[in-house]
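Colleague: I have a model to go through, and I would like the reason behind each label. Please show it first.

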Amino acid sequence: MLSSTVILIGALFVVIFGLQKGIKHVQRRKQAKKLGCEPPLRVKTGFYGIPAFIQLTKAAKERRWVEFIESRYQEFGNTFIQTFIGKDGISTIEPQNLKHLLGIQFEDFGLGTRHREFFPLLGDGIFTLDGAGWSHARALLRPQFTRDQVADLDLMDGHVNRMIGLIPKDGSIFDIQRLFFLLTIDSATHFLFGESVGAMEGDNVLGNATVGGAQGFADAFNKAQEWVTFRSMALDFYWMINPKEFREATRRVHEVVDHYVHRAIANKNAEKQESGSERYVFAEALARENSDPKFLRDSMLNILLAGRDTTASLLSSTFWFLARHPNVWEKLRHIIVEEFGDVEHPKGQITHTRLKDLPYLRYVLNEVLRLLPPVPLNFRVANKDTSLPVGGGPNGKSPIFIHKGQPVLYSVYAMHRRKDLYGPDAEIFRPERWENSKRGWDYLPFNGGARICLGQQYALTEASYTIVKLLQRFQVIEDGDPWMKKPVIQSNLTMAHGDGVNIRLY
Ligand code: HEM
């Protein structure tokens, strides 16, 4: 008797749930029709989308998932729908859709599950929050980025010189990416925390994997990022991924950052700040706004995450291309030496304004960011039932309906390589294409709309300064892996060269 009652109640629940889903489905179809929406192409991904998910994780393991995703766009067009472990996601690389997703309809979309996936490492910060929490974080951080101190080239100078000191002078092959990652962790912690972790200090940095505690911090930070990427890939099953290695790495990162948090709180009201005689320190400026230690830790870590690997990635890719395009190296070097002199005969100080006045340097950076954007893949999730303007119907020109909770994935890597947008030579590295060229929503290395990168100017200044100093110092670049025509793209949250960037500098 009891069991038949249980079965009856169970069946009733199934019927009610099915009915609710059915009604919602009909309502959505009606709404979609009213908005003139047509469905995008549906790509088959096997039972529950599991085979496609396995294919994707295999591609990620083999360090080719960015290209794998691009190949899907080449095969199925610029907008399509596919199922991954039971979830229907829209994939799009239509500039018009991105303009609405990130700009015009910003309120309709959010970061989805990013907060819960990243929370153990990043807590509540600009990179993980949506809505009012995000607005507040952004409003607090924005003034820090408009200050002149963001372009503090004196601060950069010591770190760049230290990095140049680590480059083999006998012309032997070395991995410059490794040095760029050390450079950016040292300069970012110096700028943000007031004191560099000093990852480049100590002996034999090039060959030694464990340079004291600083390298330990960098390694823990890298490891923790790898795990939050896995958590993101697992979608709704993110909570299953919380291994000891992740917890340990997170603990180590927090321990180091907390040291700096206490330092910032202690220093925030020190007289030296008032007198203006000391250098600006991001964390101390922030502590004057809000000195809650948890707030400070989260804010500092969020910015460190946003700013460190991205800039290292840009610099590494720049040298990857320069090593393969000696004509660009020659032209850029000529322009730099004309303006700033070489290392033996420098012409004046390298300033932010003078760096901005070198258009060809900017074209080179633009072109690197086009072909190898440091954040190649991204997504948003609909906060409500809504639509995007194109991608539906047989010709892909009709609006598409997006239901609440649906992810919209985009690959700026794939969009930046579209031949219909960038011409038949879209795959080719050609900085000259940027002469007299202004792009819009088809070029998004720094994202667009309300959540556009806050550190764009900082990153471009840091990268430009480092490039100028390196080209002043070295006359010749040679590719250390001449057989490698395509980079091995390893992408966690940001992209890096899986096998390094091996070059010679003379
Ligand atoms: C070449 C270097 C860089 C690139 C390509 C880059 C790219 C991006 C992208 C694509 C986003 C959007 C992420 C998303 O919304 O999902 C972003 C956000 C952000 N970036 Fe950067 N970034 C770079 C350097 C930096 C630096 C150096 C800093 C700070 C020191 C920084 C601070 C931020 C912050 C705070 C956000 C979050 C903005 C928000 O959500 O309101 N970035 N960046």
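Modeller: Start at the ligand, and keep in mind that this is a predicted model. In R114, a polar side-chain atom lies 2.6 Å from an oxygen atom of the ligand.

Colleague: What makes the pair formed by R114 and the ligand a polar contact?

Modeller: A polar contact is a pair of N or O atoms within 3.5 Å. The distance for R114 is 2.6 Å, so the pair falls within the cut-off of 3.5 Å. Two other residues can be set against the cut-off in the same manner. For W134 the distance from a polar side-chain atom to an oxygen atom of the ligand is 2.8 Å, and for R380 the value is 2.7 Å.

Colleague: Why is C453 called a donor of the iron atom?

Modeller: A donor is an N, O or S atom within 2.8 Å of the metal. The SG atom of C453 lies at 2.3 Å from the iron atom of the ligand, so C453 meets the cut-off of 2.8 Å. C453 is the only protein donor of that iron atom. As for its place in the chain, C453 is in the loop between α18 (419-422) and α19 (456-473).

Colleague: How many residues surround the ligand, and which are the closest?

Modeller: The ligand is surrounded by 24 residues, with R114, R138, N378, R380 and C453 the closest. At least two residues of this shell come from each of α6 (131-146), α13 (293-324), β6 (377-382) and α19. With six residues, α13 gives the most. Sorted by class, the shell has 14 nonpolar, six polar and four charged residues.

Colleague: N447 is next on my list. Where does N447 lie, and why does N447 count as buried?

Modeller: N447 lies in the loop between α18 and α19. Buried means under 20% relative accessible area. N447 has 14% relative accessibility, so N447 counts as buried. Its side chain and that of Y410 are joined by a polar contact of 3.0 Å. Leaving out residues up to four places away in sequence, N447 touches L102, N378, R380, Y410 and I452. The phi of N447 is positive, about 70 degrees, although N447 is not a glycine.

Colleague: R63 has a positive phi too, of about 60 degrees, and is not a glycine. Why does R63 count as partly exposed?

Modeller: Partly exposed is the class between under 20% and over 50%. R63 has 29% relative accessibility, so R63 counts as partly exposed. The loop that holds R63 runs between α2 (50-61) and α3 (65-76).

Colleague: Now the whole chain. How many helices and strands does the chain have, and how do you know that the chain is as compact as a globular protein of that length?

Modeller: There are 19 helices and 13 strands in the chain. Its radius of gyration is 25 Å, close to the 23 Å that the globule rule gives for 506 residues, so the chain is as compact as a globular protein of that length. Buried residues account for 53% of the 506 residues. The C-alpha trace spans about 90 × 55 × 40 Å along its principal axes.

How values were computed. Residues are numbered from 1 along each chain as its sequence is written. This is a predicted model: local features need pLDDT of at least 70, side-chain atom pairs count only at pLDDT 80 or more; totals for chains, interfaces and linings use all residues. Side-chain values use heavy atoms; hydrogens and water are left out. Donors are N, O and S atoms within 2.8 Å of the metal (3.2 Å for Na, K and Ca); water is not among the atoms, so sites may look incomplete. Helices (H or I, at least four residues) and strands (E, at least two) are DSSP runs, numbered from the N terminus. A residue is near a molecule or strand if one of its heavy atoms lies within 4 Å of it. A polar contact is a pair of N or O atoms within 3.5 Å; within protein, one must be able to donate a hydrogen and the other to accept it, and residues adjacent in sequence count only if both atoms are side-chain atoms. Ala, Val, Leu, Ile, Met, Phe, Trp, Tyr, Cys and Pro count as nonpolar, Asp, Glu, Lys and Arg as charged, and the others, Gly among them, as polar. The radius of gyration is taken over C-alpha atoms; the globule rule is 2.2 Å times the number of residues to the power 0.38. Buried means under 20% relative accessible area, exposed over 50%, partly exposed in between (1.4 Å probe, protein chains only). Contact means heavy atoms within 4.5 Å.
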